[in-house]
Amino acid sequence: MNKTIVIIGAGKGISYETAKNFGLKGYKVALISRTLSSLQELESDLVSHGITAKGFQGDVSSGSSIQNALSEVRATFGDEIEVLLYNAASIRPGQPTAINVEDFVYDFKVNVAGALVAVQEILSSMKKDSGSILLTGGGLSLYPSADVASLSVGKAGLRNLAYSLNQELTPKGIYVGTLTINGFVQEDTYFSGDKIAGALFKMHEDKGDVEVVYEEA
């Protein structure tokens, strides 16, 4: 099997569990994050499970940084990417009228624009008829909170982007979906990272709805 998943916004929790889930099924794993020490730790842990994994430094707030990181991924793992998971987020407390505009724009770059840059950069390498682009959404896209207004706007924007990309790319044989996690990620609960990773893999397998709302019944 020659399948690669690229995870942007790599860290503990959802990203790690998704890397492990796909990796144990034979996928090669490319991890992108700003922090080298974190990448090295994740890479080492995944390799200890027999998974082919490598970390690449990249800053999602910078288009050129993400482009360079994805170029390194292709040089390492080849030009055919099966799955892209965008799991980066800037979580900044603050009500709308108190937010510094520069901070708000930075957050939007991380929460939304970085995903678009990644898709545009990786699109030519995505496998047609089997490739998936997965975006980690949140309940704030449906139920915004004034206390985290910037993230609320970001998740709403990411959800909208997922729908737009799905309309454009489905006819081209590439699935785009967003998992709207309507709850707080916490281990040993319904919202544990490994269960969410399982939901993401199912989305990739099924290639059905553009949006799956992950919430307790």
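Visitor: Let's start in the middle of things: which residue of β6 stands opposite L135?
Guide: This is a predicted model, so everything here is read from a prediction. Seven bridges join β5 to β6, and the two strands run parallel. Within that pairing, the residue facing L135 is T178.

Visitor: And what kind of unit do β5, α5 and β6 make?
Guide: The strands β5 and β6 run parallel. Helix α5 belongs with them, and its place in the set gives a β-α-β unit. As for its hand, that unit is right-handed.

Visitor: Stepping back, what is the strand order in the open sheet?
Guide: The sheet has seven strands, with parallel pairing. Its edge strands are β3 (53–57) and β7 (211–214), and each of those pairs on one side only. Neighbouring strands are turned by 20° against each other on average, ignoring direction. Written out, the order is β3-β2-β1-β4-β5-β6-β7.

Visitor: Which residue of β4 is the bridge partner of I5?
Guide: Strand β1 covers residues 4–8 and β4 covers residues 83–86, and they pair in the parallel sense over four bridges. Look along β4 for the partner of I5 and you land on V83.

Visitor: Helix α4 packs on the sheet, but what angle does its direction make with that of β4?
Guide: Helix α4 spans residues 101–122 and touches β1, β4 and β5 (132–138). It also takes part in a right-handed β-α-β unit with β4 and β5. Its direction and that of β4 make an angle of about 165°.

Visitor: Which strands does helix α5 touch?
Guide: Helix α5, residues 149–169, packs on the sheet too, and its direction makes about 155° with that of β5. The strands it touches are β5, β6 (175–181) and β7.

Visitor: How many residues of β5 are buried?
Guide: Take the two faces of the strand in turn. On one side, S132, L134, T136 and G138 are all buried, and on the other, so are I133, L135 and G137. That leaves β5 mostly covered, with a buried count of seven of its seven residues.

Visitor: Is T97 buried or exposed?
Guide: T97 lies in the loop between β4 and α4. Its relative accessible area is 83%, and because the cut-off for this class is over 50%, T97 counts as exposed.

Visitor: Is S152 buried or exposed?
Guide: You'll find S152 in helix α5. Leaving aside neighbours within four places in sequence, S152 is in contact with L140, P144 and S145. Its relative accessibility is 5%, and since the cut-off is under 20%, S152 counts as buried.

Visitor: Which element gives the largest share of the largest nonpolar core?
Guide: This core has 31 residues, and V6, I8, I32, V73, L84 and I133 touch the most other members. β1, β2 (28–33), α3 (63–77), β4, α4, β5 and α5 each supply at least two residues of this core. The largest share is six residues, and it comes from α4.

Visitor: How many residues are in the other core that lies apart from it?
Guide: Among the members of this other core are Y27, V83, F191 and I196. We met V83 already, as the bridge partner of I5. The size of this separate core is 28 residues.

Notes
Residues numbered from 1 in each chain as written. Predicted model: local features only at pLDDT ≥ 70, side-chain atom pairs only at ≥ 80, totals over all residues. Heavy atoms only, no water. Pairing = 2+ DSSP bridges. Axes fitted to C-alpha atoms, helices over the stretch in contact; angles between N-to-C directions. Contact = heavy atoms within 4.5 Å. Buried < 20%, exposed > 50% of the residue type's maximum accessible area, 1.4 Å probe, protein only. Right-handed = clockwise from strand over helix to strand, strands pointing away. Core = buried A, V, L, I, M, F, W, Y, C linked by side-chain atoms within 4.5 Å.
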